[in-house]
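Student: Before I rely on words such as "buried" or "cavity", I would like to see how each one is earned. Could we go through the reasoning behind them?

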Amino acid sequence: MEITSKIDGDLSVLQLGGRIDATSSASLDHAVNAAIGGGIRHLVLDMSQVGYVSSAGLRSILLAAKNAKVHAFHMYVVGEGIAKRKDDFVADVMAQAGNA
């Protein structure tokens, strides 16, 4: 997984690419925690270049959402990679988890 971080004031955008799986989910956790440590108020996870999300990746996304509530910032998950399509398993799982 590739992560590009852009910070503008209290906004952090994490551009994610590739696969979010058991091997790479710790990198996502670290990037989110670094953004939180920087005092952000808004976090955007841009998943437009993500091709695959495993259960470990879903856990990292849900943990980031939980951290948003705990640390009082807003989190947005955006991108074509999670757009609802007829056969989109990831969007279905995200919806069932209450985050789509």
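**From values to words**

Tutor: Let us begin with Val53, which lies in strand β3, bearing in mind that this is a predicted model.

Student: Why is Val53 called buried or exposed?

Tutor: The relative accessibility of Val53 is 13%, and buried means under 20%, so Val53 counts as buried. As for its place in the fold, the C-alpha atom of Val53 is separated by 9.4 Å from that of Ser25, 28 residues apart along the chain.

Student: What makes Gly39 buried, exposed or partly exposed?

Tutor: Gly39 has a relative accessible area of 46%; since buried requires a value under 20% and exposed one over 50%, Gly39 falls in between and is therefore partly exposed. Gly39 sits in the loop between α1 (25–37) and β3 (42–53), and its C-alpha atom is separated by 9.2 Å from that of Gly9, 30 residues apart along the chain.

Student: How many cavities of 30 Å³ or more are there, and which residues line the largest cavity?

Tutor: The count comes to 1 cavity of 30 Å³ or more, and the largest cavity has a volume of about 30 Å³. Its lining is made up of Asp29, Val32, Asn33, Ser60, Leu63, Ala64 and Asn67, with α1 and α2 (55–70) being the elements that give two or more residues. The largest share, 4 residues, comes from α2.

Student: What makes the lining of the largest cavity nonpolar, polar or charged?

Tutor: The lining divides into 3 nonpolar, 3 polar and 1 charged; Val, Leu and Ala count as nonpolar and Asp as charged, so the charged lining residue is Asp29.

Notes: Residues are numbered from 1 along each chain as its sequence is written. This is a predicted model: local features need pLDDT of at least 70, side-chain atom pairs count only at pLDDT 80 or more; totals for chains, interfaces and linings use all residues. Side-chain values use heavy atoms; hydrogens and water are left out. Buried means under 20% relative accessible area, exposed over 50%, partly exposed in between (1.4 Å probe, protein chains only). On a 1 Å grid over the protein atoms alone, a cavity is a set of points where a 1.4 Å probe fits but cannot get out, and a pocket is an open set with protein on both sides within 12 Å along at least five of seven lines; lining residues have an atom within 4 Å of a point. Grid points are joined across faces, edges and corners, and a volume is the space filled by probe spheres set on the points.
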